[in-house]
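Biologist: I would like to take a close look at one part of a structure with you, and then see how the rest fits around it. Could you walk me through it in plain words?

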Amino acid sequence: RGSLRFADDSVEIGVTHVHDSTTGAGAELTGVDFRWQINDETLLKAEVADSNAVVTSVAQSGKAQGVELEHTGENVDVRAFIREVDQGFGLGYQSQAEQGLRRLGVDARARIGEKFAFEGEAGWQQNLQTEAIRNLVRGQLRYEHGDFTARGGFAHAEDKFEDGEKNTSDLAEFGISRKVLDGKLLLRDSGSTAISNDADNI
């Protein structure tokens, strides 16, 4: 990998190339990445890559690209991203979780005073092969006071399939915890309950 930094090291452009000439399992990957530290709290990252590989005697190829913006503040953290990974991308040992997917999402965390905090996320995902779509929204409010913590939240998921079928789920989530014996033991309880007919796809 080679890279170039400029603008007082706030901007970096890098190029990565991987070549594996193993007989029967050859692979090659080339990627370009960009990183811009906009200020002390905000970072922009982007990358694009292309690969060709032979995995278990099967030739495959694909591309991957993504852009991510991160903001880390004193009381608020936000991350937004868009990412697309072809089914055939990679050298054969990467995680399969994101292959063949196009994803767009936002997640955030915020402190509200000294005792409350909020965490939330929203996402859209499309399967590049079947064109099935998933929408997900989740939020949670947490209360902290000394050794005691309580949280409550809500999750909504919707799956749309290429045959027109749609599954929708709404779920309420809750939990409490308390440290005892000078913090040596943690007692906790949590649960969830469905508030719609279908709650299997969350």
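Biologist: Let's start with Glu 162: does Glu 162 count as buried or exposed, and what is its relative accessibility?

Modeller: Happy to help! Please keep in mind that this is a predicted model. Glu 162 counts as exposed, because its relative accessibility is 64% and the cut-off for that word is over 50%. You will find Glu 162 in the loop that runs between strand 10 (148-160) and strand 11 (166-180). Glu 162 also has partners: together with Glu 131, Asp 163 and Glu 165, it forms a negative patch on the surface.

For a contrast, try Leu 136, which sits in strand 9 (residues 133-145). Leu 136 has a relative accessibility of 17%, so it counts as buried. What does Leu 136 touch, if we leave out residues up to four places away in sequence? The answer is Glu 121, Ala 122, Gly 123, His 156 and Ala 157. Take His 156 from that group: Leu 136 and His 156 are 20 residues apart in sequence, yet their C-alpha atoms are 5.7 Å apart in space.

Now back to the surface, where there is a patch of another kind. Leu 4, Phe 6, Ile 13, Val 15, Val 32 and Val 48 form a nonpolar surface patch, and their accessible area together is about 480 Å². Two elements, strand 1 (2-6) and strand 2 (11-20), each give two or more residues to this nonpolar patch. Leu 4 belongs to strand 1, and Leu 4 is exposed because its relative accessible area is 54%.

Next come the charged pairs. Side chains of opposite charge can pair when their charged atoms come close. A search of the whole structure turns up 18 salt bridges. One of them joins Arg 79 to Asp 107, with 2.9 Å between the closest N and O atoms. This pair links distant parts of the chain, since Arg 79 is in strand 6 (residues 76-85) and Asp 107 is in strand 7 (residues 101-112), 28 residues apart. How covered are the two partners? Arg 79 is partly exposed, at a relative accessible area of 25%, whereas Asp 107 counts as buried, at 14% relative accessibility. Both residues also appear in a network of salt bridges that links Lys 45, Glu 68, Glu 70, Arg 79, Arg 83, Asp 107 and Arg 109.

Strand 9 comes up again in another salt bridge, between Arg 111 and Glu 144, where the closest N and O atoms are 3.5 Å apart. Here Arg 111 is in strand 7 and Glu 144 is in strand 9, so distant parts of the chain, 33 residues apart, are linked. Arg 111 counts as partly exposed, with 33% relative accessibility, and Glu 144 counts as partly exposed too, with 28%.

Finally, look at Arg 142 and Glu 119, whose side chains meet in a salt bridge at 3.0 Å, N to O. Arg 142 lies in strand 9 and Glu 119 lies in strand 8 (residues 116-127), so the pair ties together parts that are 23 residues apart in sequence. Arg 142 counts as buried, at 18% relative accessibility, while Glu 119 is partly exposed, at a relative accessible area of 32%.

Conventions
Residues are numbered from 1 along each chain as its sequence is written. This is a predicted model: local features need pLDDT of at least 70, side-chain atom pairs count only at pLDDT 80 or more; totals for chains, interfaces and linings use all residues. Side-chain values use heavy atoms; hydrogens and water are left out. Patches are made of residues with over 30% relative accessible area and no salt bridge: like charges are joined within 9 Å, nonpolar side chains (Val, Leu, Ile, Met, Phe, Trp, Tyr) within 5 Å. Accessible areas come from the Shrake-Rupley method with a 1.4 Å probe; for residues, only the protein chains shown count as cover. A salt bridge is a side-chain nitrogen of Lys or Arg within 4 Å of a carboxyl oxygen of Asp or Glu. Lys and Arg count as positive and Asp and Glu as negative; His and the chain ends are not counted. The place of a charge is taken as NZ of Lys, CZ of Arg, CG of Asp or CD of Glu. Helices (H or I, at least four residues) and strands (E, at least two) are DSSP runs, numbered from the N terminus. Buried means under 20% relative accessible area, exposed over 50%, partly exposed in between (1.4 Å probe, protein chains only). Contact means heavy atoms within 4.5 Å.
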